[in-house]
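The two exercises below ask you to work from the displayed coordinates, taking each solution one step at a time. Please try each task before reading on.

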Amino acid sequence: MSLVTLKTKVEQLIDLAEWEKVWYEASANLKNVEGLFRAYKGVTIPRTNFINTTTINNLCGDNNGDGCTIEYIDYYLNTSKASQAGYVFRMCRNLKWMVGFNTANLVNAMGMFFSCSRLETIQEPFDFSKVTNTNNTFSNCTALKDIKFVSETIKVSINFSYCKMLTLESVQSIFDGLATVTTAQTLTLNANTKILQSQVDVANAKGWTIAGGTIVSEEEYYG
Amino acid sequence: MANVLTAKEGYVYTNGETFSTVIRLGINDSADNWHEITEAEAERLQSEETPTESEATEADYINALEELGVSFDE
């Protein structure tokens, strides 16, 4: 039974307000929500309590991009126990902005926003301090402008080569997000992303190789 | 500068995971870890995407609602 069918059945039993309350209470029992909203056709996902959820792999993600149609998520997902978020929003092609979600215990960030080609803004910062897998996390996020990281929490190579629209604040937050590492790790930026030599120097000294980006003068950087 | 690698025309540098025409090496990295490949080869390698596929687990959320007394006719 798909979630769409499930929701239809519940709506037949109770009115919508009650459904949302029942859903929020029920969802607190969920540990694994893989594919929960994969076929969801609303503009935003129902308010869900992820308090005990340990896996949000493919929560809205779909291999074909014909599934979840959400355009925004206007509340912070309380996913503090989730260690797995692989392809959580894969090919959510209508997704434009979200508040964000708790990544304090996240280990697997593989493909989280893979092909979210309209995604512009993630409001709250990500804590990547436990993340070990960032393969394709931001692949094809060609519209991404606003993203923030908790300072010095990024510890493994991370790729923003598709993200050609990042604001200066976002780029700075990414650099600030780099932790000091003891093995070679690489921050990859879009070739046209403006960066400062000072940003590169600090990152290099922390053990980070910088791939891509274009070093410009401070005059050009700040306009 | 010794810690900056710039690929020649039509080529990119790769370490097997990352592809870029300009590499600014960190203190833990070395030019030996990077080699040049053609842009065409880089495109081919980057297009090989093998995302994982997972089956939805419906039992969890159906069970959760049933615990609240919601019943369904199958």
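The structure shown is a predicted model.

**Exercise 1.** Describe how the contacts, the secondary structure and the surface of chain B can be summarised.

*Solution.* Begin with the contacts in chain B between residues at least 6 apart in sequence, of which 29% join residues at least 24 apart. Next, assign the secondary structure, which gives 2 helices and 5 strands in chain B, and read these along the sequence to obtain the pattern β-β-β-β-β-α-α. Then turn to accessibility: of the 74 residues in chain B, 32% count as buried, and about 4,700 Å² of the chain is exposed, with carbon and sulfur atoms supplying 46% of that area.

**Exercise 2.** Determine how strand β5 (residues 185-189) of chain A is placed, and which strands pair with β5(A).

*Solution.* First check burial, where the cut-off is under 20% relative accessible area. Because 5 of the 5 residues of β5(A) are buried, the strand is largely enclosed by the rest of the structure. Second, sort the side chains by direction: A:Q185, A:L187 and A:L189 point one way from β5(A), whereas A:T186 and A:T188 point the other way.

Third, look for pairing partners. Strand β4 (residues 158-160) of chain A runs parallel to β5(A) and is joined to it by 3 bridges, with A:F160 standing opposite A:L189. Between these two strands the chain passes through helix α3 (residues 168-177) of chain A, in a β-α-β crossover that is right-handed. Strand β7 (residues 208-211) of chain A also pairs with β5(A) in the parallel sense, over 4 bridges, and here A:T188 stands opposite A:A211.

Terms used. Residues are numbered from 1 along each chain as its sequence is written. Chains are lettered from A and ligands numbered from 1 in the order in which they are written. This is a predicted model: local features need pLDDT of at least 70, side-chain atom pairs count only at pLDDT 80 or more; totals for chains, interfaces and linings use all residues. Side-chain values use heavy atoms; hydrogens and water are left out. Buried means under 20% relative accessible area, exposed over 50%, partly exposed in between (1.4 Å probe, protein chains only). Contact means heavy atoms within 4.5 Å. Accessible areas come from the Shrake-Rupley method with a 1.4 Å probe; for residues, only the protein chains shown count as cover. Two strands pair if DSSP finds at least two bridges between them. A crossover is right-handed if, with the strands pointing away from the viewer, the path from the first strand over the helix to the second runs clockwise.
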